[in-house]
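Me: Please take a close look at one part of this model, the interface between the two chains. I would like a connected account, with the criteria behind each term.

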There are 2 protein chains.
Amino acid sequence: MARIETFDEHPSGTLAAGDGFKLADVDPDSTPGYPGGKSDGQALLAELDGKLATLQEKLFAEAKFGGSKRILLILQAMDTAGKGGIVAHVVGAMDPQGVQLKAFKAPTDEEKSYDFLWRIEKEVPAAGMVGVFDRSHYEDVLIHRVRGWASPQEIERRYVAINEFEARLTDTGTKIVKVMLNISRDEQKARLLARLDDPSKHWKYSSGDLKERAFWDDYMAAYQAAFDNTHTEVAPWHVVPANKKWYARIAVQQLLLQAMEDLNLEWPAAEFDVALERSLVERT
Amino acid sequence: MARIETFDEHPSGTLAAGDGFKLADVDPDSTPGYPGGKSDGQALLAELDGKLATLQEKLFAEAKFGGSKRILLILQAMDTAGKGGIVAHVVGAMDPQGVQLKAFKAPTDEEKSYDFLWRIEKEVPAAGMVGVFDRSHYEDVLIHRVRGWASPQEIERRYVAINEFEARLTDTGTKIVKVMLNISRDEQKARLLARLDDPSKHWKYSSGDLKERAFWDDYMAAYQAAFDNTHTEVAPWHVVPANKKWYARIAVQQLLLQAMEDLNLEWPAAEFDVALERSLVERT
């Protein structure tokens with residue numbers, strides 16, 4: 001069997017949006033740290049599915065015995081960038097029992113009557129779970145900034161509130177993985193046209209997508225500002241080039257694997273007397 | 001490529017717990033309607049994963065355009081019978097975005113202060129979703145009957161309430177699939193011992209399992225009474241022999257596929273002018 005190509009450099013380093021990071025400098029077509037092509041990438045994804053599932057089961061098992069560790073994967077992107085594909089093909093490899101997925105839509109009137117973090121707090125992952133946010137509280141500093149739905153002062157307040165919120169989650173056992181899937185303007189166009197050309201994809205198309213597309217440059221500026229203000233040591237941002245779907249998937253898989261490994265997960269020790277229980281079962 | 005063995009007779013018929021059904025007559029080792037063995041069964045499961053995922057996507061898509069159809073899979077079984085495996089390996093093939101999984105545990109004090117269906121109603125699937133109940137309102141006529149936590153009159157009231165509840169769900173778009181995974185007493189013993197012999201499975205073992213095991217015959221009587229009282233045309237029970245995990249998985253997969261097919265799902269027609277949207281995208 002051919003050796004499967006692995007990463008030369010781990011995406012947790014190469015894709016981090018730390019000090020001096022400029023979104024405009026990233027090529028959405030690139031595949032940082034990965035020397036292989038599409039078929040290599042697909043093989044790697046399949047190869048590591050089982051490893052990810054086993055780590056997730058350990059995380060789940062620890063919580064059954066009082067562990068408080070958990071993961072929160074936050075996915076942000078322009079429309080068509082592939083958030084759904086990440087959920088289906090990367091998150092989908094894990095046992096549904098250990099995954100807590102929330103797709104945030106436009107807030108309801110009730111949600112709008114509270115602080116923006118009110119509806120988010122209710123969806124944070126329970127101990128042992130892998131939480132996944134498909135969109136998140138970052139909408140409140142992205143679309144709100146782009147459309148002017150909040151004042152600059154309010155946006156600044158939200159950056160601070162987000163950092164405090166994420167630090168609190170981290171303090172209570174959550175490993176946060178923030179991902180922006182980075183596609184190019186041209187790639188979005190191609191994907192929108194592909195949706196229109198395939199009747200089985202019409203349901204994914206919304207003319208609202210075109211409206212947001214018109215604000216492309218403003219969105220890129222809003223993302224840059226979000227990275228500048230909310231990339232922290234405990235909750236770093238990763239910008240994943242996403243013109244190649246296969247690359248985005250293996251990169252996010254690597255980020256999740258790393259997050260799990262950082263948690264030093266172990267199968268919990270039995271809190272019962274194994275030999276005694278064995279003899280009790282034997283007797284039944 | 002070898003032809004993959006398929007079912008001779010569909011489990012939706014052969015496994016139904018209708019008039020005259022006697023749980024005691026079912027062999028948990030049997031593989032009704034399926035002529036193949038384990039490797040055939042595993043190949044069939046993998047083969048049909050994609051079909052199930054596509055149907056589930058259609059279900060999800062319909063709801064985006066106002067459809068009200070949805071699925072509710074109810075899983076009941078003695079401990080170790082393989083509910084978790086069904087969730088991981090059958091449900092897990094579908095996109096997590098379209099699955100709404102709820103594992104019902106012992107009710108909280110707040111939940112106990114309401115009618116038993118109060119906490120269930122909150123977890124019924126939204127339009128377009130595949131809801132999965134890992135345990136359910138049936139606990140209230142199973143363990144409650146076995147342990148005498150409810151009077152015979154109250155159990156009778158609950159059967160009626162369940163039938164009305166499930167009919168109401170059906171009237172509002174839900175296709176209900178009720179499954180009892182049927183393992184033998186000996187097989188449970190073997191599986192409990194296997195959990196004790198593998199440190200990576202200790203977290204799945206609970207000495208409480210042994211307590212319920214002591215009531216085995218009472219549980220079988222309670223299941224029989226549940227089938228007698230709540231097997232209805234709109235919400236039939238299926239008793240799936242489950243000593244062979246691979247068989248239980250392909251049988252439940254078939255039941256889900258049939259439920260999807262009964263819904264006559266179609267990709268929703270575009271509510272927008274495709275040519276116009278195409279030209280608008282081209283211009284951006």
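Reply: Chain B can be superposed on chain A with an RMSD of 0.0 Å by a turn of 180° and a shift of 0.0 Å along the axis, the fit being by least squares on the C-alpha atoms of residues with pLDDT of at least 70 in both. This is the relation of a two-fold axis. The model is predicted: local features need pLDDT of at least 70, side-chain atom pairs count only at pLDDT 80 or more, and totals for chains, interfaces and linings use all residues. Residues are numbered from 1 along each chain as its sequence is written, chains are lettered from A and ligands numbered from 1 in the order in which they are written, and side-chain values use heavy atoms, with hydrogens and water left out.

At the interface, 41 residues of chain B are in contact with 41 residues of chain A, where contact means heavy atoms within 4.5 Å. Because 100% of the interface residues of chain B are also interface residues in chain A, the copies meet through the same surface. The area buried between chain B and chain A is about 3700 Å², and carbon and sulfur atoms give 67% of that area; buried area is the accessible area (1.4 Å probe) that two parts lose on being put together, summed over both. In chain B, the residues that lose the most area to chain A are Trp203(B), Val281(B) and Thr284(B), together 19% of what that side buries.

Turning to polar interactions, there are four salt bridges between chain B and chain A, each a side-chain nitrogen of Lys or Arg within 4 Å of a carboxyl oxygen of Asp or Glu. Asp197(A) forms a salt bridge with Arg278(B), with the closest N and O atoms 2.8 Å apart. The elements giving two or more residues to the side of chain B that touches chain A are helices H2 (38-64), H3 (83-89), H8 (185-197), H9 (207-213) and H12 (274-282) of chain B; helices (H or I, at least four residues) and strands (E, at least two) are DSSP runs, numbered from the N terminus. By class, that side of chain B has 21 nonpolar, seven polar and 13 charged residues, with Ala, Val, Leu, Ile, Met, Phe, Trp, Tyr, Cys and Pro counted as nonpolar, Asp, Glu, Lys and Arg as charged, and the others, Gly among them, as polar.

For context, chain A has 12 helices and five strands, and salt bridges over all chains number 38.
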